[in-house]
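User: Could you zoom in on one part of this structure and walk me through it slowly? I'm in my first year, so please explain the terms as you go.

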Amino acid sequence: MNRVELINISKSFGGITALKSVTLKVMPGEIHALIGENGAGKSTLMKILSGAYTKDSGQIFLDGSEVQIRNTHDSKKMGIGIIYQEFSLVPALSVAENIFLNQLGATGFWMKWGRMKKKAEEIIHSIGFRIDPSLRAGDLSIAEQQIIEIAKALSENVRVLILDEPSAVLGPQEIQKLFDTLNRLKKEGVAIIYISHHLSEIFQIADRVTVLKDGSSSESLKVSETDRNSIIRLMLGRSLDAMYPVRNSIIGEEVLRAVDIYLANKVRGVSFSLKTGEIVGIAGLVGSGRTETVRAVFAADKRKKGKIFLFGKENQLGSPRKAVMMGIGMVPEDRKKHGVILPLTIKQNISLTDFNGISNHFGFIKAKKERNNAIGLITKMTIKTENENQEVSKLSGGNQQKVALAKWLNMDCRVMILDEPTRGVDVGAKVEIYNLINELSQKGIAILVVSSESSELMGICDRILVMRKGMIQGELEKKDYSEEEILRLSIGAN
Ligand SMILES: Nc1ncnc2c1ncn2[C@@H]1O[C@H](COP(=O)(O)OP(=O)(O)OP(=O)(O)O)[C@@H](O)[C@H]1O
Ligand SMILES: [Mg+2]
């Protein structure tokens with residue numbers, strides 16, 4: 001018997017139909033992957049199951065009986081746990097308080113701080129991690145925050161566990177621990193729904209897979225009976241010939257040189273250079289100092305020591321504003337916080353970086369130019385939206401990422417720093433982004449890309465720097481590229 005049956009679920013938001021009669025059935029003790037392009041409806045379907053959204057029509061069955069899920073409280077009572085795509089921790093509360101947040105208000109539940117801390121510690125240990133439960137959630141790294149989200153979902157007994165892109169911010173070791181936990185829960189009979197844009201993960205962990213396309217569901221396939229290309233065809237409606245563009249840009253003179261950069265205890269003596277037309281990657285595990293390095297170059301964080309040279313001349317780039325004035329752009333890793341302004345429209349977000357390009361000398365925005373520019377980028381990056389005036393907060397997670405990227409790609413610059421540019425975007429859009437990066441480099445722009453996906457760095461970069469413990473452990477030329485070598489340098493094994 002199925003643990004969960006979602007039958008003919010439909011849901012619209014104003015004029016947008018997010019789900020058209022979707023059906024999904026998941027058995028106990030099964031890991032069921034739910035995949036699809038950005039905006040296909042995956043998160044919406046899961047939010048209906050968790051009670052965060054209400055369905056327009058359709059039925060939900062749990063262990064064979066129809067249930068009414070009116071709110072998140074209902075779903076929790078039924079044993080449905082969910083880890084949302086967007087984080088839901090309260091930054092000002094401790095780790096322990098966050099884990100037990102849902103239970104704090106429940107009648108009869110009054111836990112002493114000491115006991116709560118101990119229980120929180122136990123849950124964190126049981127999933128293979130060590131994080132002090134008395135720390136403030138807001139002070140944790142994003143990987144640690146994700147681990148706390150998982151602990152929180154497991155603080156109550158779950159019969160159904162939903163994970164909406166849990167691995168996006170985790171490193172390979174943390175993902176392995178997550179998979180160990182999921183396999184254990186699977187043995188205990190939990191029904192698990194796993195959303196991810198990393199197809200390799202689906203083949204590693206899932207038993208069956210269902211594809212959503214434009215709000216409609218495919219039949220469920222056994223993972224052992226399908227392959228990557230068939231899944232991509234179901235998702236995109238076409239196959240992908242090549243993931244990566246052919247590199248033929250002309251690499252010229254040095255544009256930027258960073259010398260002996262130090263940042264608190266996160267970056268310890270990093271030096272590198274970038275040439276015009278060149279794409280350089282920074283690999284390394286989560287926490288190795290990659291993001292801190294690029295933030296230090298961009299002057300988003302204050303360097304303790306170190307020099308920056310632009311075209312051979314020293315320039316300290318005292319602030320991000322000065323960096324932008326000198327022609328350096330950066331797409332940050334944490335796009336919710338630094339990348340997009342959620343209550344503004346797509347057009348307004350895109351226009352923020354190119355104010356000079358679209359305003360005439362009286363300072364008025366040339367409405368038509370602004371609009372066409374925004375529409376051009378929406379098409380190029382396949383941003384799924386009604387139109388350019390849609391509020392960014394209403395877009396799916398991956399489409400918000402694309403707006404952040406479009407916003408910076410819109411800027412005229414000489415150096416572009418991209419921190420995890422394809423995190424959370426679907427395979428089709430990834431290819432579009434690789435092509436855009438390649439096009440920028442062909443225009444002579446120097447590009448620095450931080451990524452946790454070594455295959456993507458090997459696919460697009462001319463050189464790769466591998467970081468560990470705040471230092472560059474090695475630099476790889478194209479002929480020496482291999483996942484093993486990158487991992488070896490990342491973890492410091494011999
Ligand atoms: N609160 C909302 N208001 C208006 N439209 C919404 C809202 N939430 C989702 N949508 C729309 O519903 C559609 C499906 O979005 P959903 O977030 O379910 O996609 P997804 O498959 O999770 O994509 P991603 O891989 O990018 O996370 C999108 O067109 C999105 O813009
Ligand atoms: Mg989503």
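Analyst: Let's start with the word "buried": a residue is buried if 20 or more other C-beta atoms lie within 10 Å of its own, exposed if 12 or fewer, and partly exposed in between, with C-beta atoms placed from the backbone. Keep in mind that this model is predicted, so local features need pLDDT of at least 70 and side-chain atom pairs count only at pLDDT 80 or more, while totals for chains, interfaces and linings use all residues. Residues are numbered from 1 along each chain as its sequence is written, and chains are lettered from A and ligands numbered from 1 in the order in which they are written.

The part I'd pick is helix 10, residues 290-297. Helices (H or I, at least four residues) and strands (E, at least two) are DSSP runs, numbered from the N terminus. Eight of the eight residues of helix 10 are buried, so the rest of the structure largely encloses this helix. Go along it and you'll meet R290, T291, E292 and T293, then V294, R295, A296 and V297, and every one of these is buried. After the helix comes A299, which has a positive phi, near 65 degrees.

So what does helix 10 lie across? The answer is strand 12, strand 13 and strand 15, and the helix runs at about 115 degrees to strand 12. (Axes are lines fitted to C-alpha atoms, for helices over the stretch in contact, and angles run from 0 to 180 degrees between N-to-C directions.)

Those three strands turn up in an open sheet of four strands, with the order 13-12-15-16 and antiparallel pairing. Two strands pair if DSSP finds at least two bridges between them. Strand 13 (267-275) and strand 16 (313-314) stand at the edges; each has a single partner strand, so one side of each has no neighbour in the sheet. Now look at strand 12 (residues 254-263) and strand 15 (residues 305-310): they pair in the antiparallel sense over five bridges. One spot to find on screen is V259, whose bridge partner in strand 15 is K307.

Now let's step back. The domain assignment, which is automatic or from a database, splits the chain into domain 1 (4-236) and domain 2 (254-491). Their C-alpha centres lie 30 Å apart. Where they touch, domain 1 supplies 20 residues and domain 2 supplies 19; two residues are in contact if their C-beta atoms, placed from the backbone, lie within 7 Å. On the domain 1 side, helix 6 (142-153) and helix 9 (228-236) are the elements that give two or more residues. Helix 9 gives the most, with three residues.

There's a second sheet to look at as well, this one open and made of six strands in the order 17-18-19-14-20-21, with mixed pairing. Strand 17 (328-331) and strand 21 (471-477) are its edge strands, each pairing on one side only. From one strand to the next, the twist averages 20 degrees. Inside this sheet, strand 18 (residues 415-419) and strand 19 (residues 446-450) pair in the parallel sense, with five bridges between them, and D419 stands opposite V450.

Helices sit on this sheet too. Helix 17 (residues 427-442) packs on it and touches strand 14 (279-284), strand 18 and strand 19, with a direction about 150 degrees from that of strand 19. Helix 19 (residues 483-491) lies across strand 14, strand 20 (463-468) and strand 21, and runs at about 30 degrees to strand 20.

For a last zoom, try G281, which lies in strand 14. G281 counts as buried because it has 27 C-beta neighbours inside 10 Å. Ignoring neighbours within four places in sequence, G281 is in contact with V449, S451, L457, C461, I464 and L465. Compare its position with that of R488: the two are 207 residues apart in sequence, and their C-alpha atoms are 16 Å apart in space.

One strand from elsewhere is worth a glance. In strand 3 (residues 31-36), six of the six residues are buried. In a regular strand, side chains alternate between the two faces of the sheet. In strand 3 both faces are covered, with I31, A33 and I35 on one side and H32, L34 and G36 on the other. Strand 3 pairs in parallel with strand 8 (residues 191-195) over four bridges, and five bridges join it to strand 9 (residues 208-213), also running parallel.
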